[in-house]
Amino acid sequence: LQGKLSSIASGLGSVFKAAAAGAAVAAAGVAAFVKGGVDSLINLEKITAQTNAVIKSTGGAAGVSADHIASFADSIEKATGIEAESIMQGQNLLLTFTNIKNGVGEGNDVFDQATSILADMSTALGTDASTSAVQLGKALNDPIKGVTALSKVGVSFTEQQKAQIKAMVEAGDVAGAQKVILGELNKEFGGSAAAFGDTTAGKIEKLKNRVGDFQEALAAGLLPVIDKVTSWLADKLPIASDL
């Protein structure tokens, strides 16, 4: 009997050890998952802070709010699988080109159109959103020079289009010239990002983004705590000169 009890006890001990080890692994996995969400939220906070800073420094020239920037980027992410944060970084660069703006009236949302074609260009050319944003921003900010700049990445304009763009700019219709450029870009790249979103790779990216959103939702409650702790430590810890 004593031998059987000893054997049972030994078996139970192994089970408990395995359970404890499994719990430790699970806890570590949960911690890593939450940390990923915290890191993502911190990055989003940095990008949003830059959005607000550029809108302020440019006097709101683009005619968009930080909320609009974020929601528009989210809509592109859902349709294409391109991470919203990447789109927002591109938008932040577009904001620095103060001739690119959303105007009143149908079809005058040049900034939004530029954001959409930014995603298409990035997909078609295999570049990140920030690189495409600089190329596109320079082209739309100064349409006459922009025609030449875009030709370097393979965008072709007819002599008629070039003359039309020049005439519009000289007449003060910069938005009209921008629309001609955007129209040609849409002809060459339009739909590229959405097409990627329908591929297996795009669907995987969409799933990753959904998981990332869930991580951020779990971690959202921790950011105020982290902020308080870091602020308290920064205030209380002595600086080197005080040691």
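The following questions and answers walk through a predicted model of a protein.

Visitor: How many helices and how many strands are there in the protein?
Guide: From the N terminus on, the elements run α-α-α-α-α-α-α-α-α-α-α. The count for the protein is therefore 0 strands and, with the helices numbered from the N terminus, 11 helices.

Visitor: What share of the contacts with a separation of 6 or more is made by residues 24 or more positions apart?
Guide: The protein has 243 residues, of which 31% are buried. Among its contacts with a separation of 6 or more, those between residues 24 or more positions apart account for 66%.

Visitor: Which helix supplies the largest share of the largest nonpolar core?
Guide: This core has 41 residues, and the members that touch the most other members are Leu 95, Ile 100, Phe 111, Leu 136 and Leu 185. At least two residues each come from α1 (2–57), α2 (66–80), α3, α4 (110–125), α5 (129–141), α6 and α8 (174–189). The largest share, 7 residues, is that of α4.

Visitor: Which residues does Phe 111 contact, leaving aside its neighbours within four places in sequence?
Guide: Phe 111 is one of the core residues that touch the most other members, and Leu 95 and Ile 100 are also named in that group. With sequence neighbours within four places left aside, the contacts of Phe 111 are Ala 62, Val 64, Ile 69, Gln 91, Leu 94, Leu 95, Ile 100, Lys 101 and Asn 102.

Visitor: At roughly what angle do the axes of α5 and α8 cross?
Guide: Two packed helices are described by the distance between their axes together with the angle between them. Here Leu 136, Ala 139 and Leu 140 of α5 meet Gln 178, Ile 181, Leu 182 and Leu 185 of α8, a contact that comprises 6 nonpolar, 1 polar and no charged residues. The axes of α5 and α8 come within 9 Å, and they cross at roughly 140°.

Visitor: Which side chain of opposite charge is nearest to Glu 85, and how far away is it?
Guide: Glu 85 lies in helix α3 (residues 84–95), and, not counting residues up to four places away in sequence, it touches Ser 40, Asn 43, Leu 44, Ile 47, Glu 77 and Glu 216. Although Glu 85 is buried, it has no salt bridge. A salt bridge requires a nitrogen within 4 Å of a carboxyl oxygen, whereas the nearest side chain of opposite charge is that of Lys 78, at 10 Å.

Visitor: Is Glu 184, which meets Lys 187 in a salt bridge, buried or exposed?
Guide: The structure holds 4 salt bridges, and in this one the N to O distance is 3.6 Å. Both residues lie in helix α8, 3 residues apart, which is about one turn of the helix. Lys 187 counts as exposed because its relative accessibility is 65%, whereas Glu 184, with a relative accessible area of 5%, is buried.

Visitor: What is the N to O distance in the salt bridge of Lys 166 and Glu 170?
Guide: Lys 166 and Glu 170 are 4 residues apart in helix α7, so about one helical turn separates them. Lys 166 is partly exposed at 41% relative accessibility, while Glu 170 is exposed at 56%. Their side chains meet with an N to O distance of 2.7 Å.

Visitor: How far apart in space are Lys 152 and Gln 135, C-alpha to C-alpha?
Guide: Lys 152 is in the loop between α6 (143–151) and α7 (159–170), and it counts as exposed because its relative accessibility is 71%. In sequence Lys 152 and Gln 135 are 17 residues apart, and in space their C-alpha to C-alpha distance is 9.8 Å.

Conventions. Residues numbered from 1 in each chain as written. Predicted model: local features only at pLDDT ≥ 70, side-chain atom pairs only at ≥ 80, totals over all residues. Heavy atoms only, no water. Buried < 20%, exposed > 50% of the residue type's maximum accessible area, 1.4 Å probe, protein only. Lys, Arg positive; Asp, Glu negative; His and termini not counted. Contact = heavy atoms within 4.5 Å. Core = buried A, V, L, I, M, F, W, Y, C linked by side-chain atoms within 4.5 Å. Axes fitted to C-alpha atoms, helices over the stretch in contact; angles between N-to-C directions. Nonpolar A, V, L, I, M, F, W, Y, C, P; charged D, E, K, R; others polar.
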